[in-house]
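Let's take a friendly walk through a protein structure, one part at a time. Have the sequence and the 3D view ready as you read.

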Amino acid sequence: MTVDSSFFCSMHDVADVGPEQLCDNLLALGLTGVTVAATYHAARDLRPRGSLQRLVDLPAGAHYFPASPDYPHGLEPSTPAPFGDSDLLAALRAATAERGMRLAAWTVFGFQERLGRAQPGLCQRTIFGDPSTSDLCPANPLVRTWALTLAADVARHRPDTLVAESLHYAPLRLTRRFLPLDAEARLALGLCFCVHCVDAARSAGVDVDAVRVWAAVTVESAFAGERREDATPKPLDELPEAVRAFLTARAGVVSALVKETVELLAPSGVALRMLDQAAVEPPALGPSIVDEAFRSGVDVAETARRSGGYQVLGYGEDIDDVARIMNDYRHAIGADAGMRVVLRPSWPDCIETHNLEAKIAAALESGAEGIDFYHYGFASHDALDRVRVALRGLR
Ligand SMILES: [Zn+2]
């Protein structure tokens with residue numbers, strides 16, 4: 001059988017060889033599609049096979065195609081050279097269409113350090129009122145307008161799918177720390193108490209003052225050194241009722257934004273597929289990974305129902321752990337919505353083909369309709385070869 005499959009890649013990979021050659025290279029590996037980053041956050045990455053850049057230093061909150069003029073004043077995109085010169089996203093759409101390949105536009109929303117640093121008023125705020133300038137708050141009306149403009153800007157290129165990253169709250173994001181935090185403290189430090197979140201929670205009948213007290217007491221006790229480092233996630237049902245209600249209100253904020261985005265994309269025929277970062281961050285809520293997604297305001301079941309699909313990150317080395325992640329998502333998503341799984345064919349997740357083959361088999365067993373691999377530009381030749389062999393084994 002041919003499994004619907006793609007490689008995640010960046011626009012640098014498209015620029016390296018041109019859209020047509022990139023598509024042909026992916027077809028030769030046995031893939032049927034491309035998932036390309038239309039926007040991205042700051043990062044510094046190694047590109048072992050890159051021809052133009054071997055180490056790439058990505059600027060904060062960048063746009064990788066010429067932007068539309070429709071953005072709210074002050075929130076205009078920034079497109080690094082040379083990606084503003086010609087529209088590689090449009091060229092890639094044409095190249096994929098000619099070859100019958102699917103195109104997904106991977107779009108990073110709230111993780112936007114450039115806009116966040118320029119306008120801290122758009123950002124998530126801790127219990128102490130400090131802005132987290134890497135993370136725009138999805139409850140902020142101006143952020144929502146900007147997010148919908150971005151979705152429309154991507155959709156005018158008519159990808160088959162818009163893969164939405166960070167279209168939700170960000171959990172606690174620190175560069176470093178020198179004090180122990182348990183799951184409850186990590187949860188409390190990551191909650192947004194901006195005026196828009198407080199208003200949304202109060203409108204939903206949440207006792208926000210009780211949540212404030214809980215968060216302040218929890219964080220202060222950690223700052224006083226009274227909490228032990230603990231990676232064990234906190235069971236959702238062990239949290240105070242007001243905190244659970246606050247989390248539910250946040251999920252309402254995100255679900256409403258997902259609904260608006262789905263409705264905006266529908267006339268273009270572009271499907272929305274949400275991707276959360278629960279498999280990437282150390283968990284604070286549990287026991288299921290779906291509970292951890294809830295920490296970021298993502299109600300996986302509701303999001304899948306609204307959008308009709310979900311993109312699951314099947315990250316990790318251990319085959320059973322990855323299978324558990326996929327099954328937990330599948331259980332939440334239900335049988336009616338489509339599920340795709342992202343696997344990493346490279347170290348440290350995978351250094352042998354049989355590991356990748358077992359994860360693909362587990363994904364298909366859990367009902368995945370497609371497999372995506374992360375990331376074409378970061379993969380060495382041996383990782384590409386694992387993908388080629390594993391896909392050939394399915395035919
Ligand atoms: Zn907020």
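The report below starts with the whole chain and then turns to its strands and helices.

## The whole chain

Keep in mind that this is a predicted model. The protein chain contains 14 helices and 16 strands. Along the principal axes, its C-alpha atoms fill a box of roughly 60 × 50 × 40 Å. A compact globule with 395 residues would have a radius of gyration near 21 Å, and the protein chain has 21 Å, so the two agree.

How much of the chain counts as buried? The share is 51% of the 395 residues. Contacts between distant parts of the sequence also stand out: among contacts with a separation of 6 or more, 77% are between residues 24 or more positions apart.

## A barrel of strands

Before looking at the strands, here is some background. Strands of a sheet pair through backbone hydrogen bonds, and the pairing can be parallel or antiparallel.

In this model, eight strands close into a barrel, and their pairing is parallel. Going round, the order is S1-S2-S7-S10-S12-S14-S15-S16. Neighbouring strands of this sheet are turned by 25° against each other on average, if direction is ignored.

## Strand S10 and its neighbours

Let's zoom in on strand S10, which covers residues 161-165. Five of its five residues are buried, so S10 is largely enclosed by the rest of the structure. Which residues point which way? Thr161, Val163 and Glu165 point one way from the strand, while Leu162 and Ala164 point the other way.

S10 has a parallel partner in strand S7 (residues 102-108), with five bridges joining the two. Across this pairing, threonine 107 stands opposite alanine 164, and valine 108 stands opposite glutamate 165. S10 is also joined by five bridges to strand S12 (residues 271-275), and these two run parallel as well. Here alanine 164 stands opposite methionine 274 of S12. Alanine 164 therefore makes a handy landmark: look for threonine 107 opposite it in one pairing and methionine 274 in the other.

## Helices on the strands

Helices pack against the strands too. Helix H3 (residues 88-98) packs on the sheet, where it touches strand S2 (33-37) and S7. The direction of H3 makes about 155° with that of S7.

Helix H13 (residues 353-365) lies across strand S15 (338-343) and strand S16 (370-373). Relative to S15, H13 runs at about 170°.

## Helices against helices

Two packed helices are described by the angle between their axes and the distance between the axes. Helix H8 (residues 208-223) and helix H9 (residues 241-265) pack at about 105°, with their axes 8 Å apart. H8 and H9 are therefore roughly perpendicular to each other. Ala210, Val211 and Trp214 of H8 make the contact with Ala242, Val243 and Phe246 of H9. By class, this contact has six nonpolar residues, no polar ones and no charged ones.

H9 also meets helix H7 (residues 195-203): the two axes come within 9 Å and cross at roughly 110°. H7 and H9 are therefore roughly perpendicular to each other. On the H7 side you will find Cys197, Ala200 and Ala201, which meet Phe246, Ala249, Arg250 and Val253 in H9. The residues of this contact divide into six nonpolar, no polar and one charged. Phe246 of H9 appears in the contact with H8 and in the contact with H7.

Notes:
Residues numbered from 1 in each chain as written. Predicted model: local features only at pLDDT ≥ 70, side-chain atom pairs only at ≥ 80, totals over all residues. Buried ≥ 20, exposed ≤ 12 C-beta atoms within 10 Å, placed from the backbone. Helix = DSSP H or I, 4+ residues; strand = E, 2+ residues; numbered from the N terminus. Pairing = 2+ DSSP bridges. Axes fitted to C-alpha atoms, helices over the stretch in contact; angles between N-to-C directions. Contact = placed C-beta atoms within 7 Å. Parallel < 35°, antiparallel > 145°, perpendicular 65-115°, else oblique. Nonpolar A, V, L, I, M, F, W, Y, C, P; charged D, E, K, R; others polar. Rg over C-alpha atoms; globule rule 2.2 N^0.38 Å.
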